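Here's a quick walk through the model, written for someone who'd rather be at the bench. Have the structure open alongside as you read.

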Amino acid sequence: MEHVVPERLGQPPSSTGPGQEIYALAERLFPICRSITGDGVRGTLDILSEQIDLARHEVPTGTRLFDWTVPQEWNIRSASIIGPDGRKIVDFAQSNLHVVNYSIGFKGVLTLDELRPHIHTLPEQPQLIPYRTSYYAPTWGFCMAHDRLADMPDGLYQVEIDAEHRDGSLTYGEYLHRGETEREFLLSAHICHPSLANDNCSGLALLATLARILKTRKTRYSYRFLFAPGTIGALAWLSRNEDRLHLIDHGLVLSCVGDAGPPAYKRSRRGDAAIDRAMAHVLRREAGARLIDFSPYGYDERQYCSPGFNLPVGMFQRSVHGTFPQYHTSADNLDFIRPEHLEDSLRILMHVIDIVENDWTPLNLFPKGEPQLGRRGLYAALGGQKSSGISSMSLLWVLNLADGQHSLLAMAERSGLPFGELAAAARLLSDHGLLAEAAFEHRSR
Ligand code: ZN
């Protein structure tokens, strides 16, 4: 494969304020009541489709997906609890977290004791509404602030959940940015959570914006964006694309990318995939950043990294899911995410894309001794003067490690120098006829 130098992707356009744009998009997605199926997912894809030309897939109820089956479609119109005095205590219209996601419909008059087992609260965070789901066990329920429940007097409560399950389909969206090769970078975010801003309106909005930015650029890799309901949506995509999974060289699951926490990366199951190494290289220079080993708990990396696939897919997030007090509560709202954090997450993604796009394995054509750089006008750089960000050390490291066994990323790992500096040095040395591309395909490895 011929080596092409793709356009550099290092910086998102700053004049358009990508952080503000991502935030504004997350703000529009926030109010929608999403679930693993139903019109909330479709409405969300409608909004994302304004950014990119999304392909929409509908997978019928009952379709087998490995060990799973596509469930019935869920739609909800309203839900409320009316107290003994006739006042509405809980109203789905005020927060879609108030109803257990995927709850069956219900209508009845109950005593407080009868109602209580169907109410979920957070006694430790008494003012917050929890987020609860019941996808695969039919039940009905409400979620509310513990303080409100404590204030509810004995008496009769009118309870109604106007929701239905019916045969329909599971919906997911997909967008492919075609690069110069068929090799793919998979980017995936779950689309099944209702009004939770960080988890995962932030991930959906960030990926849609990244896709729109990439649309205008020439890349070496093809970038596949997947907006699918957690678990069952990823399984649907995997089952329909099993014959092309070998094309995936890199992948990231995105979630919780808009809060103030430092960036965190969870390695793929492989642990030493190029994406693991590239993310480690990027995060090494980020204050407070964390690298976490793979574990079979989390988001859709669980499916992508199941042993039958073992794809090179890691997870990028800021505050780690399950560890921050706002997680899966009504406090994961639009105040919890900020444009500057979304923009910072975008910058990190662009940086890692820049690395996989520009990685290659050079071969020193003058490996016996050091080549004479002065004769080629490269001596000034060696004298300590930096020209276009290229230090003497980066020239020396590239020449020394260009034995055909080290990619630029491997050189960055070994030298401790930034990837971008080594890539620029390799380009300069290549322009002066000192490097060739090693004979094997130069995909990052
Ligand atoms: Zn979640």
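What follows is a short tour of the metal site, the sheets, some backbone oddities, the salt bridges and a surface patch.

Keep in mind that this is a predicted model. It has a zinc ion held by His-193, Asp-199 and His-328, an open sheet of 8 strands and another open sheet of 4 strands. Add to that 22 salt bridges, and there's plenty to look at.

**The zinc site**

- Which atoms hold the zinc ion? NE2 of His-193, OD of Asp-199 and NE2 of His-328 coordinate the zinc ion at 2.1 Å.
- Along the chain, the donors of the zinc ion are spaced as H-x5-D-x128-H.
- Asp-199 and His-328 come from distant parts of the chain, 129 residues apart. Asp-199 belongs to helix α5 (residues 197–215), while His-328 is in the loop between β16 (313–317) and α9 (339–358).
- Are Asp-199 and His-328 buried or exposed? Both Asp-199 and His-328 are buried.

**Backbone oddities**

- Two of the zinc ligands, Asp-199 and His-328, turn up again here. The peptide bond running from Asp-199 to Asn-200 is cis, its omega being near 15 degrees, and Asn-200 sits in helix α5.
- His-328 isn't a glycine, yet its phi is positive, at about 55 degrees. You'll find His-328 in the loop between β16 and α9.
- Asn-310 is another non-glycine residue with a positive phi, near 50 degrees. Look for Asn-310 in the loop between α8 (301–304) and β16.
- Asn-310 counts as partly exposed because its relative accessible area is 21%, and the buried class needs under 20%.

**The 8-stranded sheet**

- Reading across this open sheet, the 8 strands go β1-β10-β12-β11-β13-β16-β14-β15, with mixed pairing.
- The edges are β1 (55–60) and β15 (290–292), each pairing on one side only.
- From one strand to the next, the twist averages 20 degrees.
- Where's a parallel pair? Strand β13 (residues 248–254) and β16 pair in the parallel sense, with 4 bridges. Leu-254 stands opposite Phe-316 of β16.

**The 4-stranded sheet**

- Here the strand order is β5-β4-β9-β6, and the sheet is open and antiparallel.
- β5 (88–91) and β6 (106–111) are the edge strands, so called because each pairs on one side only.
- Neighbouring strands in this sheet are turned by 15 degrees against each other on average, ignoring direction.
- How many bridges join β4 to β9? Strand β4 (residues 73–82) and strand β9 (residues 156–166) run antiparallel and share 9 bridges.
- Two spots to check in β9 are Glu-160, which faces Ser-80, and Glu-164, which faces Asn-75.
- β6 also runs antiparallel to β9, joined by 6 bridges. Val-109 has Gln-158 of β9 as its bridge partner.

**Salt bridges**

- Asp-46 and Arg-56 form a salt bridge, with 2.5 Å between the closest N and O atoms. That pair links helix α2 (residues 39–49) to strand β1, with the two positions 10 residues apart along the chain.
- Asp-46 is partly exposed at 42% relative accessible area, and Arg-56 is partly exposed too, at 36%.
- Glu-413 and Arg-277 meet in a salt bridge of 2.9 Å, N to O. Those two are 136 residues apart, with Glu-413 in helix α12 (residues 408–415) and Arg-277 in helix α7 (residues 274–283).
- Glu-413 is partly exposed at 34%, whereas Arg-277 is buried at 17%.
- Asp-344 pairs with Arg-347, and their closest N and O atoms are 2.6 Å apart. Both are in helix α9, 3 residues apart, so about one helical turn separates Asp-344 from Arg-347.
- Arg-347 is partly exposed, with a relative accessible area of 28%.
- There's also a salt-bridge network made of Asp-39, Arg-42, Glu-58, Glu-73, Glu-164 and Arg-166. Glu-164 is the residue that stands opposite Asn-75.

**A nonpolar surface patch**

- Leu-363, Leu-365 and Phe-366 make a nonpolar surface patch of about 240 Å².
- Leu-365 lies in the loop between β17 (362–364) and α10 (379–382), and its 43% relative accessibility makes Leu-365 partly exposed.

Terms used: Residues numbered from 1 in each chain as written. Predicted model: local features only at pLDDT ≥ 70, side-chain atom pairs only at ≥ 80, totals over all residues. Heavy atoms only, no water. Pairing = 2+ DSSP bridges. Axes fitted to C-alpha atoms, helices over the stretch in contact; angles between N-to-C directions. Donors = N, O, S within 2.8 Å, 3.2 Å for Na, K, Ca; no water. Buried < 20%, exposed > 50% of the residue type's maximum accessible area, 1.4 Å probe, protein only. Patch = residues over 30% accessible without salt bridge, like charges linked within 9 Å, V, L, I, M, F, W, Y side chains within 5 Å. Areas by Shrake-Rupley, 256 points an atom, 1.4 Å probe, with all protein chains shown as cover. Salt bridge = Lys/Arg side-chain N within 4 Å of Asp/Glu carboxyl O.
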